[in-house]
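Here is a short report for a reader meeting this protein for the first time. Please keep the sequence and the structure at hand while reading.

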Amino acid sequence: MFETLSERLQNTIKDISGKGKITEENMNDALREVRRALLEADVSLKVVKAFISNIKDKAIGEEVLKSITPGQQLVKIVYDELVQLLGGQNVPISTEGKPNIIMLFGLQGSGKTTTAAKLALKIRKGGRNPLIVAADVYRPAAIKQLQSLGKQVNIPVYAEEDSKDVRQIVTSAIKFAKDEGYNSVIVDTAGRLQIDTELMAELLILDRLFEPAEKLLVIDSMMGQEAVNVAQTFDEQLGITGIVMTKLDGDSRGGAALSVVQSTGKPVKFAGMGEKMDALEPFYPERMAQRILGMGDVITLVEKAQQSINIEEAKEIEKKIRGKDFSLEDFMKMQKQMKSLGSLDQILGMLPIPGINKADKEKLAYVGEGQLKKIEAYVNSMTPEERQHPDMISPSRKRRIAAGCGAEIPEINRFLKEFDNMKKMMRKVTGMAKGGKIPPAMKGMMKGMKMPPGMAGKFKGF
Ligand SMILES: Nc1nc2c(ncn2[C@@H]2O[C@H](COP(=O)(O)OP(=O)(O)OP(=O)(O)O)[C@@H](O)[C@H]2O)c(=O)[nH]1
Ligand SMILES: [Mg+2]
């Protein structure tokens, strides 16, 4: 599965992950290799271009974490991008509908019938009661093949050997399912070309009549670039809900799989990994990216480093808040750190604060961008001394500051007063939070207090 791609990427990536320093030159060299590897694996040029350009943007913008090498960090960026390329996250199949209807379609020989049986087995393992419907009335042996697979997995197959009327077969099958208590109906359709208007019309009618919860396009991953056209046309005509990528166990180049997700925006829901009935796996982009790229250890390492740097910075902020000489300078520095640290929720999650409940946290989490910009302008228009010792800001200084940033004097007054109040309150609250519960009175005070939204974010560092 993705063997050539995997091998090429792993070699390139291994090479760069050892580098202590990423220069524009060696990054370009590495990315040229990545690009070549993807193109050789049949990933479409458009997708490759976007992929490489995203990686470049991210690699240039990112600060290098302390405990890892820039090379390792680049590996993580490539990995993240590959996960995105594969669709980001797993999307489970829908169980909606009474009965839940899943329709499988695609080109001839792509693996629909095999997938129908495999999927039925999976669905039954998930605690539901599936029925498979033989709706391929064109290929002579199609019904027998499905019945034989049904027997293997011990799941009933609804078939009407003498009928060629697909619409009537499916109607009867659904009625049968309702009567007999099957809550999932898997419809195996005949293989067809996306340009065969008559057969495409048949699928459209089934879609209109029965509104399947899932319309899964089955694609043979050995198929090259043509897969993109196939997928796009099926999607345009039928609005597919997902893709099943079969034969990923073969020595396919696999690039088509990558392009298809990008070109349709639809998730791969399952991967066929062999001819056996249990060889169908839910598709997890992260796992797949790790299989392609290898380097699981480097990725874990970078993830840990990212986490620990966040904890480290959050602790630093906490120390500042507790300190007496918390200046406006610190405040702005923290403001910037906060922005890069991620969401308040994540930070609070790292440093649980005793005594503050979810509602309080949410209140404190509000950081208004507009307000933040204003505050930044006030502080920028102060001298370094004033930022260090806001107490020294006299009326004449206020006038100067206000003129410097185009604000009114009362705005500056309000800001300084709130900053001062907040400083006092934060010290009290952090002191108590350390010892355990925050007294209700204090909580009330926190709620009633009107803090500049930008500052409210400071509670992140508790
Ligand atoms: N190795 C491998 N073989 C598969 C996989 N899925 C299907 N096959 C094989 O591919 C061949 C075609 O599979 P079918 O399920 O009959 O394909 P189909 O789409 O129903 O074909 P038609 O009904 O003729 O259009 C069979 O020999 C299957 O065993 C897979 O994930 N891995
Ligand atoms: Mg078939």
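Leaving aside residues up to four places away in sequence, Ile299 touches Val75, Lys76, Tyr79 and Gln290. Ile299 itself belongs to helix H12, which covers residues 296-322. Is Ile299 buried or exposed? Ile299 counts as buried because 21 other C-beta atoms lie within 10 Å, and the cut-off for burial is 20 or more. A long step in sequence can be a short one in space. Ile299 and Asp80 stand 219 residues apart along the chain. Their C-alpha atoms are nevertheless 9.4 Å apart.

All of this is read from a predicted model. Its mean pLDDT is 81. A pLDDT of 70 or more is reached by 76% of the residues. Residues 360-368 are another matter: pLDDT there is below 50. That stretch still has 17 contacts in the model beyond near neighbours in sequence. Residues 432-462 also stay under a pLDDT of 50. For them the model has 66 contacts beyond four places in sequence. Where pLDDT is low, the predicted coordinates should not be read in detail.

**Helix H4**

Helix H4 takes in residues 70-85, 16 residues in total. From first C-alpha to last, H4 reaches 22 Å. That is close to the 22 Å expected at 1.5 Å a residue. H4 is mostly covered, with 13 of its 16 residues buried. Just after H4 comes Gly87, with a positive phi of about 115°.

**The whole protein**

How many helices and strands are there in the protein? The count is 21 helices and eight strands. Of the 462 residues, 41% are buried. Contacts often reach across the sequence. Among those between residues at least 6 apart, 78% join residues at least 24 apart.

**The sheet**

Eight strands form an open sheet with mixed pairing. Their order is E3-E2-E4-E1-E5-E6-E7-E8. Which strands are at the edges? They are E3 (157-158) and E8 (280-282), each pairing on one side only. Strands of a sheet pair through backbone hydrogen bonds, either parallel or antiparallel. The table lists parallel pairs of this sheet, with one pair of opposite residues for each where available.

| Strand pair | Sense | Bridges | Opposite residues |
|---|---|---|---|
| E2 (residues 130-135) and E4 | parallel | six bridges | Pro130 and Ser184 |
| E1 (residues 100-105) and E4 | parallel | five bridges | Ile101 and Val185 |
| E1 and E5 | parallel | four bridges | Met103 and Lys215 |
| E5 and E6 (residues 242-246) | parallel | five bridges | Ile219 and Met245 |
| E6 and E7 (residues 268-272) | parallel | three bridges | Val244 and Phe270 |

Two strands of this sheet deserve a closer look. Strand E4 spans residues 184-189, and six of its six residues are buried. Both faces of E4 are covered. Ser184, Ile186 and Asp188 lie on one side, while Val185, Val187 and Thr189 lie on the other. E4 pairs with E2 and with E1. Val185 is the partner of Ile101, and Ser184 stands opposite Pro130.

Strand E5 covers residues 214-220, and seven of its seven residues are buried. Glu214, Leu216, Val218 and Asp220 point one way from E5. Lys215, Leu217 and Ile219 point the other way. Residues on both sides are buried, charged ones such as Glu214, Lys215 and Asp220 included. Lys215 stands opposite Met103, and Ile219 stands opposite Met245 in E6. E5 thus has E1 as one parallel partner and E6 as another.

**The ligand**

How many residues surround ligand 1? The shell holds 20 residues. The closest are Gly111, Thr113, Thr114, Gly191 and Gly272. Which element gives the largest share of this shell? Helix H5, residues 112-125, does so with three residues. By type, the shell divides into eleven polar, six charged and three nonpolar residues.

Methods:
Residues numbered from 1 in each chain as written. Chains lettered and ligands numbered in written order. Predicted model: local features only at pLDDT ≥ 70, side-chain atom pairs only at ≥ 80, totals over all residues. Expected span 1.5 Å × (residues − 1). Buried ≥ 20, exposed ≤ 12 C-beta atoms within 10 Å, placed from the backbone. Pairing = 2+ DSSP bridges. Near = placed C-beta within 6 Å. Contact = placed C-beta atoms within 7 Å. pLDDT = per-residue confidence, 0-100.
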